[in-house]
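Grab your viewer and work through these exercises on cysteines and helix packing. Try each task before you read its solution.

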Amino acid sequence: MNILKSPFLILLLLLTFFSQSLAENCLSDTFSNSRVFSSCNSLSRLSAAIHWNYHPSNGTIDIAYRASQSSTGWVAWALNPTSHGMIGAQAFFAFPGSNGSMVVYLTGISSYAPVVQDGNLNFTVYSKEAEYSNGYMTIYATLELPGNSTTVNQVWEAGIIFNNGVPSGHALTGDNILSYGSIDFLSGATSSSGSSRQHRKNTHGVLSAVSWGILMPIGAITARYLKVFANPAWFYLHVACQCSAYIVGVAGWGTGLKLGSESSGVTYHSHRNIAIILFCLATLQVFALLLRPNKDHKYRIYWNAYHYLVGYTVIVLSIINIFKGFDILDPAKGWKNAYIAIIATLGGIALVLEAVTWVVVLKRKDRISTDKSLNGANALHSNGHMQSQNHQGV
């Protein structure tokens, strides 16, 4: 089977490719002082990633924990040798010190209201430092793996609350209470409370971008411009494209609903509201197709006006909401730039086709007008000739 003749297979490949790419966006991270790390994993929550070099000869690792945060907040990363979650975690807290420079405190967590102070952990820490740059805090450390085990539990956190100049609490809803899991520093495998949820986020993003953000504009371009060159083939291409976009879009919308139901305390209001409007308008468009009047029906002009208005509204709202989704999902910048390039390309194609179709339409009108003039002149000449013959006959 020719792969190019199977759009659903192509969509599946795109879905797999983009999902993997979104999950691995830590690969694009760079670090100060030319630091290089051989492995990384994008963590499922709090826009964070862990980078590391594992040294099996002495059972140590060099880590760089990076997370999105304001310059006045704090971040933390910890290993928990004894349990999952917060209690028992051996934590690295990074925050701005009294002089404004970043500091790192080592604190063992023994309760849900710990007092953050710099001390010792139950494994050896050889070095520690932190920095803030471009909206991200990064913790650097070299440490001994607890029990020389490469598979350990990890916890990460972020907050903006301070007490006496040190971190003192974080949000108790959403990602802040689900940011934990395990990591294997040898294989790079991770599991977390949100690993499957992150996959659903990626799936939702890819389905929505491909359907609402790419297929839908292509369907509109097909309807507007191909009717000049391929009548009635344009209609079937338009319907096939828009119906495919709707089906894939509904799948993306469904994953969005699932994500929303799992995100207690976390609601992206504008993204959600636009998505609801899009689904309603797109569904209305699909059912309106069943009520399309014939070309010569007196109400056809009103149906066309409604169809154009709702269709272009869906496309504009789709593009806006996809960019809102990019801000939420926070993938590597390359994917946002790639979508911008796709939309710009489609816009350029539309502009070229707009000019070409106007030239074609105007030429056709001129030809029709010329043909009518010639036909009129021929008819007049023929009538005059007949009248002359009649006069001569008299």
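**Exercise 1. Find out why Cys241 has no bond to the closest cysteine sulfur.**

Solution. Start at the sulfur of Cys241: the closest cysteine sulfur belongs to Cys243 and sits 9.6 Å away, so that's too far for a bond. The cut-off for a disulfide is a pair of cysteine sulfur atoms within 2.5 Å. Next, check the surroundings: Cys241 has 14% relative accessibility, so it counts as buried. Here buried means under 20% relative accessible area, exposed means over 50%, and partly exposed is in between, with a 1.4 Å probe and protein chains only. Cys280, at 47%, comes out partly exposed.

Some housekeeping before you go on: the model is predicted, local features need pLDDT of at least 70, side-chain atom pairs count only at pLDDT 80 or more, and totals for chains, interfaces and linings use all residues. Residues are numbered from 1 along each chain as its sequence is written, and side-chain values use heavy atoms, with hydrogens and water left out.

**Exercise 2. Search the whole structure for disulfides and describe what turns up.**

Solution. The search gives one disulfide. Its partners are Cys26 and Cys40, with S to S at 2.1 Å. Now look along the S-S bond: the angle about it is 70 degrees, and the link of Cys26 and Cys40 is right-handed. Then place the ends. Cys26 is in the loop between helix H1 (7-23) and strand S1 (39-42), while Cys40 is in strand S1 itself, so the pair ties together parts 14 residues apart in sequence. (Helices, H or I with at least four residues, and strands, E with at least two, are DSSP runs numbered from the N terminus.) Finally, accessibility: Cys26 is buried at 3%, and Cys40 is buried too, at 17%.

**Exercise 3. Work out how helix H4 and helix H5 pack.**

Solution. First, the geometry: the axes of H4 (residues 269-288) and H5 (residues 300-329) come within 9 Å and cross at roughly 150 degrees. That makes the two helices roughly antiparallel, a label for angles over 145 degrees. Axes are lines fitted to C-alpha atoms over the stretch in contact, and angles run from 0 to 180 degrees between N-to-C directions.

Last, zoom in on His271, which lies in helix H4. With 17% relative accessibility, His271 counts as buried. Its side chain makes a polar contact of 3.1 Å with the side chain of Asn321; such a contact is a pair of N or O atoms within 3.5 Å, where within protein one must be able to donate a hydrogen and the other to accept it, and residues adjacent in sequence count only if both atoms are side-chain atoms.

Methods. Parallel < 35°, antiparallel > 145°, perpendicular 65-115°, else oblique.
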